Amino acid sequence: MEKLTREKIDYLRSPVAIRERCGQLYDYVIKGESQFFAYDLTRLEEVADYVTKVMRDEYPNLQIPFHSRWQHFTAGEIPRLSWLNQKLARLTAIEKAIAKYDLAIISVLLDAGAGKSWDYLEKETQLIFTRSEGLAVASYQMFCQGIFSSDSNNPLQVDAQKLQSLTVEELAKGFQVTADNPLVGLQGRLKLLQKLGEVLLSLPEIFGKENPRLGNLVNYLLEKVENNQIAATDVFDGVLQGFSGIWSGRIEVDGVNLGDVWFHRAVVDDGLVPFHKLSQWLTYSLLEPLQELGLEITNLDSLTGLAEYRNGGLCIDLGLIKVKNPDILSHSHSVTSEIIVEWRALTVIFLDLIAAKIREQLDMNSEELPLVKVLQGGTWTAGRKIAAELRKDGVPPLQISSDGTVF
């Protein structure tokens with residue numbers, strides 16, 4: 001690959017690039033040039049109707065929270081966040097935000113696909129959880145138990161020293177992994193966390209010098225506050241600056257890890273298509289602790305929808321995306337394959353169209369119903385619902401081979 005300029009790398013890390021490059025693949029499909037997918041825009045109204053009904057069922061007053069990790073921590077209608085606030089009661093407001101960043105970041109980074117054979121039994125409640133909720137509850141409990149802290153006197157933190165020394169046995173125990181309860185990508189998650197520890201040490205300007213920890217990102221972001229406001233795009237930029245180096249096996253240019261960026265031959269210039277799914281979801285998950293500090297979040301809709309299997313599955317299951325060859329639904333595909341890159345790109349563009357149609361139906365604007373709330377209300381929930389209606393175990397229509405670091 002030709003050498004990319006710093007300017008081009010910054011571009012590929014921007015929401016503008018995500019929409020533009022995904023838009024190229026959307027046009028490619030519309031022109032009928034894709035060998036994998038077609039589309040049916042006549043289904044857009046029906047998809048919006050389906051999602052709107054799900055939103056009204058889930059949130060009758062349409063007071064929808066952000067699509068963030070914090071929603072998963074209340075799985076089973078258990079007040080875990082109240083429990084957490086009690087544990088953090090003696091801390092200052094900034095210290096509480098730092099601890100909440102520790103929890104949110106580690107939990108998001110552990111939230112790749114769990115697989116259909118894994119579940120988690122929460123001892124405190126005796127409730128069993130699977131998939132994203134199971135990973136959320138498990139990581140919440142591990143955090144509260146101090147598994148990610150090297151300091152027994154300060155268990156509620158995630159620091160570099162502990163991340164680097166974390167073992168597969170500790171992670172397996174925390175997630176209750178056994179031969180009969182396998183978790184997809186366990187080794188991938190461990191490598192990710194160990195690499196994360198290295199990155200914390202390498203970026204003292206973001207994560208602190210004396211005790212590098214995830215939550216110190218709060219202090220870095222507070223420097224970007226103006227007039228008691230912070231842009232969601234500034235939080236996203238901070239996430240990419242801080243965490244792009246943790247991803248293994250990704251495209252690197254001049255020592256710069258591009259992260260969730262993939263190749264497709266139909267994309268002009270360099271063929272690169274950025275998604276930054278996990279980084280954007282992490283960004284969405286870091287906004288609420290900032291709001292608790294009294295800050296106003298601006299530029300919310302500059303970020304994009306999330307190119308993942310629930311949103312993408314919704315589009316296939318309701319006929320917005322048409323599969324040209326049904327055989328591709330019968331086996332799994334690498335995240336590097338053009339099939340998956342195209343599917344994810346179409347998902348990003350269709351999420352914008354679905355959101356616009358829903359706002360039209362509800363007579364709401366983008367400030368009243370930003371994309372981050374449409375996702376929560378919303379397309380992600382609807383994608384899971386339609387999958388459960390159509391297939392045993394609620395698996396998505398198109399299968400992805402996961403290493404535990406993408407979805």
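Which residues is L320 in contact with, leaving aside its neighbours within four places in sequence? In this predicted model, the list is A38, Y39, D40, L41, R43, L44, V47, C315, F350 and I354. L320 itself is found in the loop between α16 (309-317) and β10 (321-323). Its relative accessibility is 0%, so L320 counts as buried. L12 offers a point of reference along the chain: 308 residues separate L12 from L320, and their C-alpha atoms are separated by 27 Å.

The nonpolar interior was examined next. In general, nonpolar side chains tend to be buried together in soluble globular proteins. The largest nonpolar core in this model has 131 residues. Within this core, F37, F148, F175, L196, L217 and F243 touch the most other members. Helix α17 (residues 338-362) gives the most to the core, with 14 residues. Another core lies apart from it and has 8 residues. L4, V253, L258 and V261 are among them.

L217 shows what such a position looks like in detail. Neighbours within four places in sequence are again left aside. L217 is then in contact with Y101, I105, I206, F207, G238, F243 and L286. One of these partners, F243, is also listed with L217 among the residues that touch the most other core members.

Helix packing is described by two values. These are the angle between the axes of two packed helices and the distance between the axes. Helix α3 (residues 44-58) and helix α18 (residues 371-390) pack at an angle of about 105°. Their axes are 9 Å apart. Angles of 65 to 115 degrees count as roughly perpendicular, so α3 is roughly perpendicular to α18. From α3, the contact is made by Y50, V51, V54, M55 and E58. From α18, the residues are G377, G378, T379, T381, A382, K385, I386 and E389. The residues of this contact divide into 6 nonpolar, 4 polar and 3 charged.

Several of the α18 residues deserve a closer look. A cis peptide bond joins G377 and G378, with omega about -10°. G378 is found in helix α18, and both glycines take part in the contact with α3. T379 is also found in helix α18. At 0% relative accessibility, T379 counts as buried, because buried means under 20%. Beyond its neighbours within four places in sequence, T379 is in contact with V51, R310, N311, L314, L351, I354 and V374. V51 belongs to the α3 side of the helix contact. I354 appears in the contact list of L320 as well.

Helix α14 (residues 277-285) is mostly covered, with 9 of its 9 residues buried. The buried residues include the charged K277. The polar S279, Q280, T283 and S285 are also on the list. L278, W281, L282 and Y284 complete the buried residues of α14.

The strands supply a hairpin. Strand β2 (residues 119-122) and strand β3 (residues 127-130) run antiparallel and are joined by 4 bridges. D119 stands opposite T130 in β3. The hairpin has 4 residues between the strands, and Q126 takes a positive phi near 60°.

Positive phi values also occur in loops. E77 has a phi near 55°, a positive value in a residue other than glycine. E77 lies in the loop between α4 (69-72) and α5 (80-87). Its relative accessible area is 78%, so E77 is exposed. Q176 is another residue other than glycine with a positive phi, here near 60°. Q176 is found in the loop between α9 (168-174) and α10 (186-202). Its relative accessibility is 23%, so Q176 counts as partly exposed.

A further loop residue is S149, which lies between α7 (131-144) and α8 (160-165). With a relative accessible area of 9%, S149 is buried. S149 touches N154, P155, Q157, D159 and K162, not counting residues up to four places away in sequence. S149 and V239 are 90 residues apart in sequence. In space, C-alpha to C-alpha, S149 and V239 are 21 Å apart.

How values were computed. Residues are numbered from 1 along each chain as its sequence is written. This is a predicted model: local features need pLDDT of at least 70, side-chain atom pairs count only at pLDDT 80 or more; totals for chains, interfaces and linings use all residues. Side-chain values use heavy atoms; hydrogens and water are left out. Two strands pair if DSSP finds at least two bridges between them. Helices (H or I, at least four residues) and strands (E, at least two) are DSSP runs, numbered from the N terminus. A nonpolar core is a set of buried Ala, Val, Leu, Ile, Met, Phe, Trp, Tyr and Cys residues joined through side-chain atoms within 4.5 Å. Buried means under 20% relative accessible area, exposed over 50%, partly exposed in between (1.4 Å probe, protein chains only). Contact means heavy atoms within 4.5 Å. Axes are lines fitted to C-alpha atoms, for helices over the stretch in contact, and angles run from 0 to 180 degrees between N-to-C directions. Angles under 35 degrees count as roughly parallel, over 145 as roughly antiparallel, 65 to 115 as roughly perpendicular and the rest as oblique.
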